[in-house]
Amino acid sequence: MNRKPVDIGRQLKQLAVDGFGVWSANKTVMITTTLQIDKCQYKCRWCHKLHVGPSRVLEFRCVGERELQHGLERTYEGDFSAVCECDQPLTITFLAKEYPEGVFGCGGHRSSDAEIIVEPTVREHMEILG
Ligand SMILES: [Zn+2]
């Protein structure tokens, strides 16, 4: 085998960045978290078809945090997209709140394509390592 020497320092730096979020252009740390959303029901605004679920794992990005009595409350946004049977793409931005740390809940939504009938339950996505 003919392998190039590995730049360990660079690899560790990359791991550190991956572990704690991504450095954005303006040098602030962007925190992202992977959350699972379940039991969402929404209606297409175009054909009014009701959609139920399915469970989805979405990447949420932290868009704000504030100090409360029991620690930090973080707000996240995650983008959900689907295509309705009427061929209309539906996008929904779900908001999630984390407070106290590690406890997630749905914090609202924004969508111009879909009407949310039942807001999803939001929980931390656990990677199952086999
Ligand atoms: Zn539709």
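## Exercises on a predicted model

His48 sits in the loop between β4 (41-44) and β5. Keep this residue in mind, as it returns in Exercise 2. The structure you are looking at is a predicted model.

**Exercise 1. Find how many helices and strands the protein chain has, and the pattern they follow.**

Step 1: Count the elements. The protein chain holds one helix and eleven strands.

Step 2: Read along the sequence. The pattern is α-β-β-β-β-β-β-β-β-β-β-β.

Step 3: Add the burial figure. Of the 130 residues in the protein chain, 15% are buried.

Step 4: Turn to contacts. Taking those between residues at least 6 apart in sequence, 44% join residues at least 24 apart.

**Exercise 2. Work out whether His48 and Asp87 are buried or exposed, and describe the phi of each.**

Step 1: Start with the backbone of His48. Its phi is near 65 degrees, a positive value in a residue other than glycine.

Step 2: Count neighbours for His48. There are 10 C-beta neighbours inside 10 Å, and a residue with 12 or fewer is exposed. His48 therefore counts as exposed.

Step 3: Move on to Asp87, in the loop between β7 (71-83) and β8. Asp87 also is a residue other than glycine with a positive phi, near 75 degrees.

Step 4: Apply the cut-off again. Asp87 counts as exposed because it has 8 C-beta neighbours inside 10 Å.

**Exercise 3. Locate the cis peptide bonds that lead into Pro54 and Pro100.**

Step 1: Look at Gly53 and Pro54. A cis peptide bond joins them, with omega about -10 degrees.

Step 2: Place Pro54 in the fold. This proline belongs to the loop between β5 (50-52) and β6 (56-68).

Step 3: Go to Tyr99 and Pro100. The peptide bond from Tyr99 to Pro100 is cis, and omega is near -15 degrees.

Step 4: Place Pro100. You will find this proline in the loop between β8 (89-98) and β9 (104-110).

**Exercise 4. Describe the surroundings of Glu115: which residues does it touch, not counting those up to four places away in sequence?**

Step 1: Find the element. Glu115 is part of strand β10 (residues 114-118).

Step 2: List the contacts. With that exclusion, Glu115 touches Tyr42, Lys43 and Arg45.

Step 3: Compare sequence with space for one partner. Arg45 is 70 residues from Glu115 in sequence, yet their C-alpha atoms are 6.3 Å apart.

Step 4: Judge exposure. Glu115 has 14 C-beta neighbours inside 10 Å, so it counts as partly exposed.

Notes:
Residues numbered from 1 in each chain as written. Predicted model: local features only at pLDDT ≥ 70, side-chain atom pairs only at ≥ 80, totals over all residues. Helix = DSSP H or I, 4+ residues; strand = E, 2+ residues; numbered from the N terminus. Buried ≥ 20, exposed ≤ 12 C-beta atoms within 10 Å, placed from the backbone. Contact = placed C-beta atoms within 7 Å.
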